[in-house]
Amino acid sequence: MSAQGDCEFLVQRARELVPGDLWAAKAWLITARSLYPADFNIQYEMYTIERNAERTASAGRLLYDMFVNFPDQPAVWREISIITSALRNDSQDKQTQFLRGLFETLPGRVQCEMLLKATEQCFNTLERAEMLLLLLRRFPETVVQHGVGLGETLLDAESIEDQECPVNCFRKLFVCDVLPLIINNPDVRLPASLLYKYLNKAAEFYINYVTRSTQTESQYQGSQDSSDIMSPSKRSSQKYVIDGLTEKSSQITDPWERLFKILSVVGMRCEWQMDKGRRSYGDILHRMKDLCRYISNFDSDAHAKYKNQVVYSTMLVFFKNAFQYVSNIQPSLFQGPNAPNQAPLVLVEDVTNIYGDTDIDRNKHIHKKRKLAEGREKTMQSSDDEDPSGKARSRHITVNKADLANSIEVLESFKLARESWELLYSLESLDKEFTRICLSWKTDTWLWLRIFLTDMIIYQGQYKKAISSLHHLAALQGSHSPQQITGQGSLENQRALIQLATCHFALGEYRQTCEKVLDLMCCILLPIQEGGKVQEEQPKVKSKFRKGSDLKLWPCTSRAIMPYCLHLLLACFKLRAFTDSRDDMALGHVVVLLQHEWPRGENLFLKAINKICQQGNFQYENFFNYVTNIDMLEEFAYLRTQEGGKIHLELLPNQAMLIKTSSPPMGLLQQEFIPVLQPSIQTADRHHTVTRGITKGVKEDFRLAMERQVSRCGENLMVVLHRFCINEKILLLQTLA
């Protein structure tokens, strides 16, 4: 029998004995190895027996012998591949833990050599990188030789694979795993240009990772949920997984903390003017402002160094705080289905003081208070009479605590982000570098950032620029998810409409304001409750009246937006109604709108009544369609009496439409008024005038109409005003033409 045959016989005999007598099998193999020490199969069989028995120490010694004596055997590399896979695996099962323990029994030098050779066996870039990463973590001394090479390999692979999104497996391994090993190793010498390149890659990755839902996951539907104008579609409940990585590898804890740590290390390596200890974002920004004051005094090399310090430090403070602001005013963009049930907020001009602040005596009837009010007309001017530019001072933003619990922190984030942006554009060199970075990152496609920039521009009072930004926002929204043009529209569509309206109002473009408000009104569906009533709750912000143009973070829900729209409409028509020239249509619209939040608008109503008395007559044919306030009805009835001045009122629409055989009961449903409350579009152009004069017939019509209106006082006012905005859209716009 040949030597080969003897070896095979001994191995086969040992295998047969393993199930019944393990020690006998091992004795046969020990004998075989003594006779044939150079035979691989004998040693491999011994290793297999120890591995299957999960004897860590003995299996490790045999693996070490095979690796040293038989480095070219495919079976050895199969075993090494299984072990290194276990080392990279997140699993905690018994077999995986045994293989990790087996590897730990090997001498360090052998572990290092084994991982290096295993890396050479890998042809897949990602697998090769993960294997080399194992080596770098276990043997930091290898970082000097292999760290930068691995980093460049990953960045090259990202380019070769044509990864469009920075949040990919190659960038993740580089930024989160390789880069910290490189920059924290003092023996690795890197030029400043390479450090800035790596910082740029890290910043782009982490910012996109934190805000990824806006680009990749969040979409908006046209559905309306209860009081919300629109609820974003629910993100997948599964955790975010980066393609090519496991779920566990894809999760990154404290990304902002990691990014600012990299900024700090790079800053020390590049010899920036650093402060010891941890500093707040406000402190960092203040430090950069100081540095900017004397940056021009440095020579070219120092100027370039400190320019990069200001740009990167300020830029990261900007993105962090801009994200903090947007994630709080619109949390559903980033948090998905588990987001707290908080309504999105939108930044608008504060027009809540449209009624003026003059106190009045609530106990007297209105017609008894007219003379008291005559001497106080000058005090009735409201905030819209002020210069709306907002540029002359630091503007004030109010927000209801119930709408935003951490409002102080959010407004501070808005302030820091705004000041960071202004600093980045304060010097040409900073502007140029920041613009270059933004172009390479394609920040103009970031929906969340455009929301912040729009709010910032509105805050700055640059309303024409804000209107352009809102159109850009609409285009972005269309590219991220095709808009479904439904009755409700999308959240961003509603946000854009209300902000467009507030910008046009601030510019004095009242017809465009009205147009946007009425478009928005068409999208609002009032939530009907039991008995056909509409919830009329709205946020109330208690704040002292401030001169000038202030801002408000307002809930972007139907319940809150409709009152705001009514304020804007009143502000537009009030200016037209109370000019020296006569405009009964505008004055009539003001009377209708003043019913909202009654009796807050009593002073303005007194002013309207005074103007009607001065004119001696008044024509508004929509009066009985939309005025249901009992105090107003009483005042207009009083105007026709001898004591009230016997004012000639033309308030009756087409008599056939108005007068019915019987009066309807209180609390009529909305649809029962449809025949009565027809749109007055057809009357908008003909300016019909009642020509019968003050006759008995007209008086009787007026008396019947008043009786009918009194019976309608139980109607839900928000339904009436919503119908007014929908039905009279053309007439309202024509009034402001």
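Let's start where two helices touch: L63, M66 and F67 in α4 meet V76, W77, E79, I80 and I83 in α5. Sorted by class, this contact has seven nonpolar residues, no polar ones and one charged residue. The model you are looking at is a predicted one, so every value here is computed from predicted coordinates.

How do these two helices sit against each other? In general, two packed helices are described by the angle between their axes and the distance between the axes. Helix α4 covers residues 56–69 and helix α5 covers residues 74–88; they pack at an angle of about 130°, and their axes are 10 Å apart. An angle between 115 and 145 degrees falls into the oblique class, which makes α4 oblique to α5. Their crossing is left-handed.

Now step back to the whole chain for a moment. The protein has 33 helices and five strands. Of its 737 residues, 54% count as buried. Among contacts with a separation of 6 or more, 75% are accounted for by residues 24 or more positions apart.

A second helix pair is worth a visit further along the sequence. Helix α15 (residues 281–293) and helix α16 (residues 300–329) have axes that come within 10 Å and cross at roughly 150°. This crossing, too, is left-handed. On the α15 side you will find Y281, I284, L285, M288, L291 and C292, and they meet Y306, Q309, V310, S313, T314, V317, K320 and N321 in α16. By class, the contact of α15 with α16 has nine nonpolar, four polar and one charged residues.

Let's turn from helices to strands. As a reminder, strands of a sheet pair through backbone hydrogen bonds, either parallel or antiparallel. Here, three strands form an open sheet in the order β1-β3-β2, and the pairing is mixed. The edge strands are β1 (345–349) and β2 (397–399), each of which pairs on one side only. From one strand to the next, the twist averages 30°.

Where does the mixed pairing come from? Take the two pairings in turn. β1 and β3 pair in the antiparallel sense over five bridges; within this pairing, L345 has P555 in β3 as its bridge partner. β2, in contrast, pairs with strand β3 (residues 551–555) in the parallel sense over three bridges. There, I397 stands opposite L551 in β3.

Is strand β1 enclosed or open to the surroundings? Five of the five residues of β1 are buried, so this strand is largely enclosed by the rest of the structure. One residue to look at is E349, which lies in strand β1. Residues under 20% relative accessible area count as buried, and E349, at 4% relative accessibility, therefore counts as buried. E349 also shows how the fold brings together distant parts of the sequence: E349 and L553 are 204 residues apart in sequence, yet 8.9 Å apart in space, C-alpha to C-alpha.

Finally, bring a helix back into view. Helix α19 (residues 407–424) lies across β1, β2 and β3, running at about 150° to β2. With α19 in place, you can trace the sheet once more in the order β1-β3-β2, with the helix lying across these strands.

Conventions:
Residues numbered from 1 in each chain as written. Predicted model: local features only at pLDDT ≥ 70, side-chain atom pairs only at ≥ 80, totals over all residues. Heavy atoms only, no water. Pairing = 2+ DSSP bridges. Helix = DSSP H or I, 4+ residues; strand = E, 2+ residues; numbered from the N terminus. Axes fitted to C-alpha atoms, helices over the stretch in contact; angles between N-to-C directions. Contact = heavy atoms within 4.5 Å. Parallel < 35°, antiparallel > 145°, perpendicular 65-115°, else oblique. Left-handed = near helix turned anticlockwise from the far one by under 90°. Nonpolar A, V, L, I, M, F, W, Y, C, P; charged D, E, K, R; others polar. Buried < 20%, exposed > 50% of the residue type's maximum accessible area, 1.4 Å probe, protein only.
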